[in-house]
Amino acid sequence: MSNVKEELARLERTLNQVDDLADTLEQTPRYRGEDFTQQVLEDRRELQREALKSATVEPYFGRLDFKEWEQNNGKALYIGKVGVHDEVTGDPLIVDWRAPVSSLFYSFSGSEDDVYYVSPEGVVEGEIQLKRNIVIRSRTLQRVVDSYVEGQEASGGDEFLLYKLGEQKDNKLKDIVSTIQAEQNAIIRHALKEPLIIQGAAGSGKTTVALHRLAFLLYEYREQLKAERMIIFAPNAMFLDYISHVLPELGVGGITQRTFVDWAIAEVGQGITAQPLVERMENQFERLIPAQVEKEQKQKGSLAFKAKLEQYMTESIAKSIPTNDFLAWDGKVLGNQTIQTWIEKDFAASPPLKKRERLLARMKRWIEIEVKWFDDLKEQKSMKSEALKRLRAYMSTWAMPNYIKHYTAFLKQEGMSVSAGLGKKQLAYEDIAPVLFIHQRMRGIEKEDRFDHIVIDEAQDSSPFMIAVLKERTRQGGFTILGDLAQGIHGNEGISTWLAIQEAFSTKEIAYVQMERSYRSTMEIIQFSNTILAQLENGPSLAKPVFRSGKEVVVERQEKEQLKNWIARNNEAETAAILTRTKAESAEVYEQLSKAGVKLTHLQASDQTYRGGLSVMPIYLAKGFEFDSVLLLYVDEQNYPNDELHKKLLYVGCTRALHDLTLWYTKKPSPLLVN
Ligand SMILES: Nc1ncnc2c1ncn2[C@@H]1O[C@H](COP(=O)(O)OP(=O)(O)OP(=O)(O)O)[C@@H](O)[C@H]1O
């Protein structure tokens, strides 16, 4: 029987079985009663109904024939997004891609004789006889590609990956379960307890892999982790929208996806706001930042700054605690020594705000006991009211904390500038982590404030201070930090070496991995982008392309009047972008093309969604995204001089293209275009 015939027969059988299971579950009446055990069983059935919904459409994407040494018989395992078991035999009909045995599907390179995987019962050894990619769309078999057949020489693995990479992309990032590569698989399945830093080349799949890792962790450690206790931080709302489909595609819901700014501002409360993203972006990329401001931004993100703030907070809290005796009424004194003992011994484990709360409660109780010595009820009432009035005055030095006041006083003490925004309770980006830190010091961190896992995307733009503050909010090891130093365009806010972040951890505690293979772009685009990457001082290693060849990168002198021709040439593209250096240039291009009847979107920092099609935007907004075709406009010397920021901006721009990259200059090309 041919491979296709064999798989057609198997697909029909599987679909029949899955349909039957789905029907049976659908017909099982929903339990709506109060019995807890029944509720749990109903929840499980509901999850299964959901899982079966996807399995009835695209049940699996891969097949692995694995012969276990102990059993001495080969088994064909069909791997899909969700696992399904035969109700009668209990055998797996479809194996979940996250199951231990599925790891072999991803890690097997075709050259190993013996392979093994680690199951909950121990190490299982054997050999692989067949590895097959199967494309099923809407219950129809579309493609069967063997990447390994025992005894034959075949290299279909790459063929299938190339077929996937050659597809056009729409406006949302997609899952990659059918083509996860070995080095990505290792990251996805990396030990839960070890925080992880991933330095990955542009297009190496960092964002995608981090999302798959969360789906894996929730499956593997389902008894320990909860989706509601996981969070992904990404740089802006539009990017969050762009990545928002991956987890639902993987059957995972409930994980919070936020920007750090939005999350932190909601945490600290007190009517504090953040400087709008548009303003922050424009300050960074459209104007020249004064050297002093840049220096302070960098300083504020450092661990040294955090240590100083910590010391300041300790001293300031100590100073606010009253040092005199409390006189409840004439002749009734509560000695300060007793008060200090309560604070230092009885409330030792509580954070400052709680200490204050507990002291107030205890002093009120003390007053209530002491007034009982008065016989007359009326007198009791009036003495109590007097004592409470005095208590308010007594506690006036230890007022409820005002984070902005504390932070402003600290900045002044350090001789640093206090931005005008602070007076209006508006924080610049670099002030957010310090204020969050003050909040955490004051309020303390309860068990329920800690996340099971935090993912930080584009972490090269995060400061060590921010990472250190977030570290306090995770359970041990629950951290995946990913980024690319070569794309660190917010250099003054972020880091220039991962060591800066590693310092926030004890070195033994954290793992560091590099992803050098880049999957997004054609070989030509990666090689071209590498010529810019190579110019970075202390830049990361060059990206390694997969062997996917496409069009040559075009660099030419061209006027913007030719734009309509470029658009016409790229009208097949599902997504295309014109990237300019500034917002004003984007606005101009947008106006010119709109007037000429071209349908396109002008993307701005304040946008919440990215809809695909043709867009024009300043280059710094394109970070994290990808487009079938990209045109970089005005790549002139004046726009992209030879400095680190412009190398990074240009690198970001070039690496956004999947299939087609063009660069135009009008007068003198940027010196960074060395080709
Ligand atoms: N194993 C894979 N199979 C198929 N496609 C992949 C694979 N790995 C990555 N890709 C694709 O490569 C592209 C880049 O992925 P992603 O955006 O996650 O990379 P990144 O490292 O975060 O990129 P950047 O830092 O440049 O923003 C996406 O289209 C993704 O689907």
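These legends accompany several close-up views of a predicted model.

**View A. The ligand and the residues around it.**
Let's start with the ligand, which has 25 residues surrounding it. The closest of them are T179, A202, G205, K206 and T208. Two elements, α4 (156-165) and α6 (206-220), each give two or more residues to this shell. Sorted by class, the shell holds 12 polar, seven charged and six nonpolar residues.

**View B. The open sheet running from β10 to β17.**
Here six strands line up as β10-β9-β15-β16-β8-β17 in an open sheet, and their pairing is parallel. At the edges you will find β10 (256-258) and β17 (511-515), each of which pairs on one side only. Ignoring direction, neighbouring strands are turned against each other by 15° on average. For a closer look, pick out β9 (residues 230-233) beside β15 (residues 453-456): four bridges join the two in the parallel sense. To get your bearings in this pair, find F233, whose bridge partner in β15 is I456.

**View C. A second open sheet, with a helix packed on it.**
This open sheet also has parallel pairing, and its six strands follow the order β20-β25-β24-β21-β23-β22. Its edge strands are β20 (554-557) and β22 (601-602), each pairing on one side only. Within the sheet, β21 (residues 575-580) and β23 (residues 613-618) run parallel and are joined by six bridges. One handy landmark is L579, which has M617 of β23 as its bridge partner. Helix α23 (residues 583-595) packs on the sheet and touches β21, β22 and β23. The direction of α23 makes about 145° with that of β23.

**View D. The β6-β7 hairpin.**
Strands β6 (residues 122-137) and β7 (residues 140-149) run antiparallel, with eight bridges between them. Together β6 and β7 form a hairpin, and two residues lie between the strands. Do look at S138 in the turn: its phi is positive, at about 45°. Elsewhere in the pair, L130 stands opposite V149 of β7.

**View E. Helix α14 packed with helix α15.**
Now for a pair of helices: α14 (residues 352-371) packs with α15 (residues 377-394) at an angle of about 155°, and their axes are 10 Å apart. Because of that angle, α14 is roughly antiparallel to α15. Their crossing is right-handed. On the α14 side, M363, I367, E368 and V371 make the contact. From α15 come Q380, M383, K384, A387, L388 and L391. Seven of these contact residues are nonpolar, two are charged and one is polar.

**View F. Helix α12 packed with helix α18.**
Our final view shows α12 (residues 303-320) and α18 (residues 429-443), which pack at an angle of about 40° with their axes 11 Å apart. That angle is why α12 counts as oblique to α18. The crossing of α12 past α18 is right-handed. Helix α12 brings K306, L309 and M313 to the contact, while α18 brings P434, F437, I438 and R441. By class, this contact has five nonpolar and two charged residues, with no polar ones.

Methods:
Residues numbered from 1 in each chain as written. Predicted model: local features only at pLDDT ≥ 70, side-chain atom pairs only at ≥ 80, totals over all residues. Axes fitted to C-alpha atoms, helices over the stretch in contact; angles between N-to-C directions. Parallel < 35°, antiparallel > 145°, perpendicular 65-115°, else oblique. Left-handed = near helix turned anticlockwise from the far one by under 90°. Contact = placed C-beta atoms within 7 Å. Nonpolar A, V, L, I, M, F, W, Y, C, P; charged D, E, K, R; others polar. Near = placed C-beta within 6 Å. Pairing = 2+ DSSP bridges.
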